[in-house]
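Got a minute to walk through a fold together? Have a look at the sequence and the model first, then we'll talk it over.

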Amino acid sequence: QVMPGIADIAQSLSGRALNTAIEGILLTVALWGLLRVLGRNHSRVRFVIWFVALLAIAALPFVAGMHSESSSAARFSHVNLILPASFALFLLLGWLVGVSLSVLKLGAGLWRVRQLRRNCKELELSSLDPRVAGRIQENHGVRRVSLCTSEEVTVPTAIGFFRPAVVFPASLASQLSAEEMEVILLHELAHLQRWDDWTNLAQKMVKAVFFFHPAVWWIERRLSLEREMACDDYLVA
């Protein structure tokens with residue numbers, strides 16, 4: 001038999017997760033419909049809306065818990081799903097295993113980024129074309145970014161956090177003209193100017209905790225798309 005204390009915790013957490021998952025799906029559908037009705041919005045606006053929605057879904061279980069504890073009337077405001085204790089414990093254990101695996105995967109990805117940043121070769125601004133060097137210097141007003149090359153990447157990429165850099169594949173950097181490098185650089189710098197490294201980390205952390213939530217998966221993919229479109233819009237502008 002399941003210990004009463006553990007059973008109560010499992011029932012509370014699993015019930016709260018299932019109830020707020022339904023609310024999160026309804027919120028996502030409502031926002032999607034609203035954006036469709038309002039017509040085409042700027043990609044930056046759509047990104048902000050979906051990012052706030054993701055944070056709201058992540059906060060729902062905690063808000064629901066405080067609301068249910070602070071007001072007994074909340075128990076009668078809507079129907080709550082209550083699971084059998086043994087099934088609730090099974091779900092809780094499954095969630096803990098899933099979160100552990102997701103966090104390990106996220107940690108491995110962060111470690112690879114750290115190793116990439118340590119091993120890449122930083123280029124001196126004096127060795128670059130003036131147009132390219134000028135773009136790097138212009139960005140220093142927002143974030144100090146380095147331009148690097150590496151054998152470990154196959155496409156240009158922006159890596160950030162505490163030592164942001166734009167990393168070009170070593171084999172590609174020597175083949176690009178100054179104009180081509182400037183265009184690619186502008187797109188990658190846009191990611192760092194928007195602090196996409198940190199918002200991407202935040203959405204991956206939410207996804208790791210709420211890996212069971214279909215709305216979180218859908219919004220996470222939507223954010224990745226809107227992020228790239230926003231940088232393309234910046235490049236065109």
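What follows is a short round of questions and answers on this predicted model.

Q: What pattern of helices and strands does the protein chain follow along the sequence?
A: Start with the tally: the protein chain has eight helices and four strands. Now put them in sequence order, and the pattern reads α-α-α-β-α-β-β-β-α-α-α-α.

Q: What share of the contacts in the protein chain with a separation of 6 or more comes from residues 24 or more positions apart?
A: Take the contacts in the protein chain with a separation of 6 or more as the pool. Within that pool, residues 24 or more positions apart account for 70%.

Q: How many residues does the protein chain have, and what percentage of them count as buried?
A: Buried here means under 20% relative accessible area. The accessible surface of the chain comes to about 14100 Å², with 65% of that belonging to carbon and sulfur atoms. Of the chain's 237 residues, the buried part is 36%.

Q: How far apart are the end C-alpha atoms of helix α8, and what span should its residues give?
A: Helix α8 runs over residues 214–236, so that's 23 residues at 1.5 Å each. The expected span is 33 Å, and the distance between the end C-alpha atoms agrees with it, at 33 Å.

Q: Which residues of α8 are buried?
A: Some of them are charged: Glu 220, Glu 226 and Arg 227 are on the buried list. The rest of that list is Ala 215, Val 216, Ile 219, Leu 223, Ala 230 and Cys 231.

Q: Which helix gives the most to the lining of the largest cavity?
A: A search of the whole structure turns up one cavity of 30 Å³ or more, and the largest cavity holds about 30 Å³ of space. Its lining is Ala 17, Thr 20, Ala 21, Ile 57, Pro 61, Phe 210, Phe 212 and His 213, which by class makes six nonpolar, two polar and no charged residues. Both α1 (4–38) and α2 (43–70) supply at least two lining residues. The top contributor, with three residues, is α1.

Q: Which element gives the most to the lining of the largest pocket?
A: This pocket has a volume of about 910 Å³, and of its 29 lining residues the closest to the centre are Leu 106, Gly 109, Val 113, Asn 200 and Lys 204. By class the lining has 13 nonpolar, seven polar and nine charged residues. At least two lining residues each come from α3 (85–119), β3 (157–159), α6 (178–193), α7 (196–209) and α8. With eight residues, the one that gives the most is α3.

Terms used: Residues are numbered from 1 along each chain as its sequence is written. This is a predicted model: local features need pLDDT of at least 70, side-chain atom pairs count only at pLDDT 80 or more; totals for chains, interfaces and linings use all residues. Side-chain values use heavy atoms; hydrogens and water are left out. The expected span of a helix is 1.5 Å times one less than its number of residues. Buried means under 20% relative accessible area, exposed over 50%, partly exposed in between (1.4 Å probe, protein chains only). On a 1 Å grid over the protein atoms alone, a cavity is a set of points where a 1.4 Å probe fits but cannot get out, and a pocket is an open set with protein on both sides within 12 Å along at least five of seven lines; lining residues have an atom within 4 Å of a point. Grid points are joined across faces, edges and corners, and a volume is the space filled by probe spheres set on the points. Ala, Val, Leu, Ile, Met, Phe, Trp, Tyr, Cys and Pro count as nonpolar, Asp, Glu, Lys and Arg as charged, and the others, Gly among them, as polar. Contact means heavy atoms within 4.5 Å. Accessible areas come from the Shrake-Rupley method with a 1.4 Å probe; for residues, only the protein chains shown count as cover.
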